[in-house]
Amino acid sequence: MIEDRIYSGGPVLVVGAHAFDAEVIAGPLAATAAARGAAVTFLHLTMGEQGHTRLAPDAYAAQKKEEASRCAARLGISWLGFDLPDAFLPDTDETALRICDVIRETKPQTVITHWSGSWHKDHRAAGEATRKAVFYAALPTLVRAAPAHTPDLLLFGQNWEDDEGFVPSQLVDVTEGFEAWRAGILEYELARGLASFPYVDYYSALYRTHGCLRGVTYAQAFATTSHSWSAGFGQFMPPMRLRPACGCGGKHG
Ligand SMILES: [Zn+2]
C-alpha cells in the first residue's frame with residue numbers, strides 16, 4: 001500500500017506556491033508522517049502576500065510567516081520560504097535549482113507539489129519548477145553544494161484551484177493527522193473568514209469523502225506521475241535487480 005511507502009519514516013518535502021497551499025494539499029498527511037517520526041518540510045515559494053483585502057503586501061507577508069510558523073508547530077513539521085513575489089512566481093531554471101538544493105539538503109523520500117491543471121499561474125509554475133527540481137536533484141553530473149539525491153515518490157496534491165484534469169489515483173489514510181491539520185490551518189486568517197472561499201468546510205468534507213472511499217475516517221487524494229516520468233528520474237539510481245519470472249524472489253539461486 002502507498003501508506004507503507006509514505007509513512008516509512010523517510011523525510012517528506014511539500015512544495016507549495018503560497019504559504020497555505022502545502023497545508024491544504026498535504027497538511028493531514030504531513031502531520032501523520034511527522035507523528036510517526038518523519039522529518040517533514042514545507043517549502044513556501046511565496047508567502048502569498050497579495051492576498052489580503054486591507055493589509056499591504058509587506059505587512060501581510062510578515063503575518064503569514066507567523067501563521068506558517070504556528071501552523072507548522074501544530075503539524076510537527078518545519079518550513080522554509082524563498083520569498084519569491086506572489087503573483088509573479090518565476091517558472092525558471094533558477095527557481096528549479098533553488099528547489100533542487102532543498103531536495104539535496106533535506107533528502108526527501110516523498111516529494112509532493114501542485115497538480116499541473118490549475119487556473120492559477122503561480123500554482124502551475126510551482127508544480128513545473130518542482131518537477132524540474134526533482135530531475136536536477138537526481139542528476140549526478142550537476143554539481144551543487146550537496147550531492148545528488150533521488151526521491152522515491154513524486155505526488156501531486158489536491159487543491160480546489162488545481163482541479164482541471166486532476167485524477168485522484170491514490171487515496172492516502174490521513175486520519176491520524178486530521179485534528180492537528182484542522183488546528184493548524186485555523187492559525188491562518190485565510191481559514192478564518194478572510195477569503196470568501198470556505199476552506200475549512202471544503203477540505204474537511206473532501207478528506208472525509210475520500211476517507212469513505214478509502215475505508216478510513218479521513219484520506220487525502222493524490223495524482224501520480226506517469227510511468228515514463230518515474231522511470232526518468234529513477235534512471236540515475238543503481239540498476240534494479242530483476243526478479244526471476246517464477247516469482248520466487250531468487251530462492252532458486
Ligand atoms: Zn495558492
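Here a biologist asks a modeller how some descriptions of this predicted model are reached.

Biologist: Let's start with the sheet. How many strands form the sheet, and in what order?

Modeller: Seven strands form an open sheet, ordered 3-2-1-4-5-7-6, with mixed pairing. Neighbouring strands are turned by 30 degrees against each other on average, direction ignored.

Biologist: What makes strand 3 and strand 6 the edge strands?

Modeller: Strand 3 (78–81) and strand 6 (170–173) each pair on one side only.

Biologist: How do you know that strand 1 and strand 2 pair?

Modeller: Two strands pair if DSSP finds at least two bridges between them. Strand 1 (residues 12–18) and strand 2 have six bridges, in the parallel sense, so they count as paired. Within strand 2, V40 is the bridge partner of V12, and T41 stands opposite L13.

Biologist: What about strand 1 and strand 4: over how many bridges do they pair?

Modeller: Over three bridges, again in the parallel sense. L13 has V111 as its bridge partner in strand 4. Moving on, strand 4 pairs with strand 5 (residues 153–157) over five bridges, also in the parallel sense. There, I112 is partnered by L155 of strand 5.

Biologist: Why is strand 4 called largely enclosed?

Modeller: Because five of the five residues of strand 4 (residues 110–114) are buried. Strand 2 is mostly covered as well, with seven of its seven residues buried.

Biologist: Pick a residue from strand 2. Why is H44 called buried?

Modeller: H44 lies in strand 2 (residues 40–46). Its relative accessible area is 0%, and buried means under 20%, so H44 counts as buried.

Biologist: And what makes the link between H44 and E23 a polar contact?

Modeller: The side chains of H44 and E23 are joined at 3.5 Å. The cut-off is N or O atoms within 3.5 Å, with one able to donate a hydrogen and the other to accept it, so the pair counts as a polar contact. Beyond its neighbours within four places in sequence, H44 is also in contact with other residues, including H18, F20, W79 and Y188.

Biologist: Is T32 buried or exposed, and how do you know?

Modeller: T32 has 1% relative accessibility. The limit for buried is under 20%, so T32 is buried. T32 lies in helix 2 (residues 21–35), and its side chain reaches the backbone nitrogen of G177 at 2.9 Å. Not counting residues up to four places away in sequence, T32 touches Y7, V174, E176 and G177.

Biologist: Now the helices. Why is helix 6 called roughly antiparallel to helix 7?

Modeller: Helix 6 (residues 178–185) and helix 7 (residues 199–214) pack at about 170 degrees, with their axes 11 Å apart. Angles over 145 degrees count as roughly antiparallel, so helix 6 is roughly antiparallel to helix 7.

Biologist: Which residues make that contact?

Modeller: F178, W181, R182 and I185 come from helix 6, while V200, Y203, S204 and Y207 come from helix 7. They divide into six nonpolar, one polar and one charged.

Biologist: Where does helix 7 pack on the sheet?

Modeller: Helix 7 touches strand 6 and strand 7 (219–224), and its direction makes about 80 degrees with that of strand 7. Since 65 to 115 degrees counts as roughly perpendicular, helix 7 is therefore roughly perpendicular to strand 7.

How values were computed
Residues are numbered from 1 along each chain as its sequence is written. This is a predicted model: local features need pLDDT of at least 70, side-chain atom pairs count only at pLDDT 80 or more; totals for chains, interfaces and linings use all residues. Side-chain values use heavy atoms; hydrogens and water are left out. Helices (H or I, at least four residues) and strands (E, at least two) are DSSP runs, numbered from the N terminus. Buried means under 20% relative accessible area, exposed over 50%, partly exposed in between (1.4 Å probe, protein chains only). Contact means heavy atoms within 4.5 Å. Axes are lines fitted to C-alpha atoms, for helices over the stretch in contact, and angles run from 0 to 180 degrees between N-to-C directions. Angles under 35 degrees count as roughly parallel, over 145 as roughly antiparallel, 65 to 115 as roughly perpendicular and the rest as oblique. Ala, Val, Leu, Ile, Met, Phe, Trp, Tyr, Cys and Pro count as nonpolar, Asp, Glu, Lys and Arg as charged, and the others, Gly among them, as polar.
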